[in-house]
Amino acid sequence: MKHPIICILALLALLMAACDSGDIEEQAVTTTDKGRVVKLTATVSGIGAWDKKYSVSLAGFTTGDNYAQVVRALPNTTTDGTAVEVVLSNIGDDINTVELAITNRLRERIITLASVNMDDAGDTKDTIRMELGTVDVSTFGALQFGLFDRACIQCHGGNGGAGAAGLNLTAGHAYASLVDVPSTRKEGAVRVVSGNAQESLLHQIMAEGGENLLHVNHTEILSNQFKENLNEVRQLIDDWIGTLQN
Ligand code: HEC
């Protein structure tokens, strides 16, 4: 009579043990599978000027979602001209891009300064390097990399000429071409009025309702480029104009 019971108990114990170790093994496998790693190296400036509600971050995003799945902030005490190295690990298959981005406390993307396509990287076990050289991560730097370089300089700048409407938005020229410079297209308007976003033509042509102010619909250009963070980019433009002394 004893034997069958012991046998069943032994069998149960064996089964449970098998299940247990199976679980552990599975967890271990999942962890290594998620192990893609991106390492950012850059010499940054302008990080200390950001309001505390924003971070300059290395962040992983899923396409269509403006909130980062994984994020690691660059130390905001970094002195200008210092080389920083930031590693983002545990990057799962659901992450499509890893970006140097300005994010807020909710991990929301404000604007992207540089990006790596993780789909191209596949499931490599090698560390993916993002070497950016010298990067101005101030508000204006973020607008240069994230907005002008991406959505504007194909018309405004490059090719030796100053670009459409005599406005040059390439790096090193954009600021002087915008701030307190009268419009060449709209009588009495100023491209950027220091300290006053509402009065600035740049704000007006990017805002809703600004579609027909010029012969080119800039609102459309902006909304085509920034599908997930349109309002955040608009707000960043206004924030920047607000910081300028009039
Ligand atoms: C497809 C080409 C094109 C792109 C892309 C483009 N622009 Fe323009 N932009 C123009 C043209 C052309 C004008 C002049 C329109 C007119 O004559 O009414 C202009 C005018 C302007 C003006 C007014 C200049 C003045 O002196 O009145 C500003 C400011 C401006 N663009 C900013 C931008 C910004 C910022 C971006 C990027 C988000 C951008 N543009 C993208 C073609 C473009």
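# Exercises on a predicted model

A search of the whole structure, which is a predicted model, finds four salt bridges. The exercises below begin with these pairs and then turn to the metal site, one helix and the overall fold.

**Exercise 1. Determine which residue Glu-99 pairs with in a salt bridge, and which parts of the chain this pair joins.**

Step 1. The partner of Glu-99 is Arg-109, with 3.0 Å between the closest N and O atoms. A salt bridge requires a distance within 4 Å, so this pair qualifies.

Step 2. Glu-99 belongs to strand S5 (residues 97–104) and Arg-109 to strand S6 (residues 109–117), so the salt bridge ties together parts that are 10 residues apart in sequence.

Step 3. Buried means under 20% relative accessible area. Glu-99 has 5% and is therefore buried; Arg-109, at 6%, is buried as well.

**Exercise 2. Establish where Glu-228 lies and how it is linked to Arg-109.**

Step 1. Glu-228 forms a salt bridge with Arg-109, and their closest N and O atoms are 2.9 Å apart.

Step 2. Glu-228 is found in the loop between helix H6 (218–225) and helix H7 (230–243), while Arg-109 is in strand S6, so this pair ties together parts that are 119 residues apart in sequence.

Step 3. With a relative accessible area of 31%, Glu-228 is partly exposed.

Step 4. Glu-99, Arg-109 and Glu-228 are thus linked in a network of salt bridges.

**Exercise 3. State whether Arg-234 and Glu-208, which meet in a salt bridge, are buried or exposed.**

Step 1. The N to O distance between the side chains of Arg-234 and Glu-208 is 3.9 Å.

Step 2. Arg-234 is part of helix H7 and Glu-208 of the loop between helix H5 (201–206) and H6, so parts that are 26 residues apart in sequence are tied together.

Step 3. Arg-234 has a relative accessible area of 13% and is buried, whereas Glu-208, at 68%, counts as exposed.

**Exercise 4. Identify the residues that coordinate the iron atom of the ligand, and name the geometry of its site.**

Step 1. His-156 and His-218 coordinate the iron atom of the ligand, each through NE2, at 1.9 to 2.0 Å.

Step 2. The iron atom has six donor atoms, with angles of 88 to 179° among them, and its site is octahedral.

Step 3. His-156 lies in the loop between helix H3 (139–151) and helix H4 (174–178), and His-218 lies in helix H6, so the pair ties together parts that are 62 residues apart in sequence.

Step 4. His-156 and His-218 are buried.

**Exercise 5. Compare the span of H3 with the expected value, and describe its surroundings.**

Step 1. At 1.5 Å a residue, the 13 residues of H3 should span 18 Å; the end C-alpha atoms are 17 Å apart, which agrees.

Step 2. A bend of about 25° occurs in H3 at Phe-145.

Step 3. Of the 13 residues of H3, 10 are buried, so the helix is largely enclosed by the rest of the structure. Among them are Phe-140, Leu-143 and Phe-148.

Step 4. The buried residues of H3 pack against strands S5, S6 and S7 (128–136), and against H4, H6 and H7.

**Exercise 6. Summarise the secondary structure and burial of the protein.**

Step 1. The protein has seven helices and seven strands. From the N terminus on, their order is α-β-β-β-β-β-β-α-β-α-α-α-α-α.

Step 2. Of its 246 residues, 41% count as buried.

Step 3. Among contacts with a separation of 6 or more, 61% join residues 24 or more positions apart.

Key. Residues numbered from 1 in each chain as written. Predicted model: local features only at pLDDT ≥ 70, side-chain atom pairs only at ≥ 80, totals over all residues. Heavy atoms only, no water. Helix = DSSP H or I, 4+ residues; strand = E, 2+ residues; numbered from the N terminus. Buried < 20%, exposed > 50% of the residue type's maximum accessible area, 1.4 Å probe, protein only. Donors = N, O, S within 2.8 Å, 3.2 Å for Na, K, Ca; no water. Tetrahedral: all angles 85-135°; square planar, octahedral: opposite > 155°, others 65-115°. Expected span 1.5 Å × (residues − 1). Bend = angle between axes of the 7 residues up to and from the residue. Contact = heavy atoms within 4.5 Å.
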